[in-house]
Amino acid sequence: VWRRSLERLPASVAAQQRLKAYLRRYPDDAAVAELLQQAQDPINLSLAAAEQALEADNTAQAEAYLHTVLKQRPQAPQALGMLGQIRFRQSRYAEAQQLLGLAAQHSDEEKWRDLLASARFWGLLQQADSAQAAGQLEQAAAWATQALRLQRQGEEEFLAFSRAATG
């Protein structure tokens, strides 16, 4: 039980202390020794701090941590995805799409693909609003229609998946 709980700890100083305590008792556990190395990695510490800042709605602090990560590992999917999430929250959908697209490319995590789809949808609606405000009603209608197609496609994929899961 102790070991399983250690495997779920995010990188932090507290996690390092817990892992070291475990290793004092079980010094030959190579998997936990590897977890300790990961918990001490400055990149992982910065990602964990960025995630905490994001959860606390401190986007400026989260961005600072994420930029630190991206300077060292420009293709870090977790950092790209979290930065895309920040841009999404800021309604900067084009930037969010770019960052989330990179995160989805370099990661198996479905959450980046889901957020990318949402950013595309809201980006199209934002473009439609801008076009409508500029009096470009045909363009506004085209973008709104495209957004609705994306939403409908997502709903159809969900229904097909749920049919397959229950069938």
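## An all-helix chain, element by element

From the N terminus on, the elements of the protein chain run α-α-α-α-α-α-α-α-α. That comes to 9 helices and 0 strands. The model is a predicted one.

### The chain as a whole

The protein chain has 167 residues, and 31% of them count as buried. Its exposed surface is about 10,600 Å². Carbon and sulfur atoms supply 51% of that area. Contacts along the chain can also be sorted by sequence distance. Among those between residues at least 6 apart, 41% join residues at least 24 apart.

### Two cores

How many residues make up the largest nonpolar core? The count is 23. Leu47, Leu66, Ala79 and Met82 have the most contacts inside it. Five helices each supply at least two residues of this core: helix 4 (42-55), helix 5 (59-72), helix 6 (77-89), helix 7 (93-105) and helix 8 (110-133).

Alanine 79 gives a view from inside. Leaving aside neighbours within four places in sequence, alanine 79 is in contact with Leu47, Leu66, Val69 and Leu70.

There is also a second, separate core of 7 residues. Its members include Leu6, Tyr22, Leu23 and Ala39. One of these, tyrosine 22, sits in helix 2, which spans residues 13-25. Tyrosine 22 has a relative accessible area of 7%, so it is buried. Arginine 3 is 19 residues away from tyrosine 22 in sequence. In space, the two are 7.9 Å apart, C-alpha to C-alpha.

### Helix 6 and its partners

Helix 6 packs against helix 4 and also against helix 7.

Take helix 4 to begin with. The axes of helix 4 and helix 6 come within 11 Å and cross at roughly 20 degrees. Angles under 35 degrees count as roughly parallel, so helix 4 and helix 6 are roughly parallel to each other. Helix 4 passes helix 6 in a left-handed crossing. On the helix 4 side, the contact uses Leu47, Ala50, Glu51 and Leu54. Helix 6 brings Gln78, Ala79, Met82, Gln85, Ile86 and Arg89.

Now take helix 7. How far apart are the axes of helix 6 and helix 7? They are 8 Å apart, and the packing angle is about 160 degrees. Angles over 145 degrees count as roughly antiparallel, so helix 6 and helix 7 are roughly antiparallel to each other. This crossing, too, is left-handed. From helix 6, the residues in contact are Pro77, Leu80, Gly81, Leu83, Gly84, Gln85, Arg87 and Phe88. From helix 7 come Tyr93, Glu95, Ala96, Leu99, Leu100, Leu102 and Ala103.

Gln85 of helix 6 appears in the contact with helix 4 and again in the contact with helix 7.

### Two buried polar residues

Glutamine 78 belongs to helix 6. Is glutamine 78 buried or exposed? Its relative accessible area is 19%, so it counts as buried, the cut-off being under 20%. Not counting residues up to four places away in sequence, glutamine 78 touches Leu47, Glu51, Glu109, Lys111 and Trp112. Leu47 and Glu51 are among the helix 4 residues that meet helix 6.

Serine 107 lies in the loop between helix 7 and helix 8. Serine 107 is buried too, with a relative accessible area of 10%. Residues up to four places away in sequence aside, serine 107 touches Pro77, Trp112 and Arg113. Trp112 is thus touched by serine 107 and by glutamine 78.

### Loops with a positive phi

Which loop holds aspartate 57? The loop between helix 4 and helix 5 does. Aspartate 57 is not a glycine, yet its phi is positive, at about 65 degrees. Aspartate 57 is exposed.

Serine 91 sits in the loop between helix 6 and helix 7. Its phi is near 65 degrees, a positive value in a residue other than glycine. Serine 91 is partly exposed.

### Accessibility at a glance

The table gathers the residues discussed above.

| Residue | Relative accessible area | Class |
|---|---|---|
| Tyrosine 22 | 7% | buried |
| Serine 107 | 10% | buried |
| Glutamine 78 | 19% | buried |
| Serine 91 | 33% | partly exposed |
| Aspartate 57 | 57% | exposed |

Conventions. Residues are numbered from 1 along each chain as its sequence is written. This is a predicted model: local features need pLDDT of at least 70, side-chain atom pairs count only at pLDDT 80 or more; totals for chains, interfaces and linings use all residues. Side-chain values use heavy atoms; hydrogens and water are left out. Buried means under 20% relative accessible area, exposed over 50%, partly exposed in between (1.4 Å probe, protein chains only). Contact means heavy atoms within 4.5 Å. Accessible areas come from the Shrake-Rupley method with a 1.4 Å probe; for residues, only the protein chains shown count as cover. A nonpolar core is a set of buried Ala, Val, Leu, Ile, Met, Phe, Trp, Tyr and Cys residues joined through side-chain atoms within 4.5 Å. Axes are lines fitted to C-alpha atoms, for helices over the stretch in contact, and angles run from 0 to 180 degrees between N-to-C directions. Angles under 35 degrees count as roughly parallel, over 145 as roughly antiparallel, 65 to 115 as roughly perpendicular and the rest as oblique. A crossing is left-handed if the near helix is turned anticlockwise from the far one by less than a right angle, and right-handed if clockwise.
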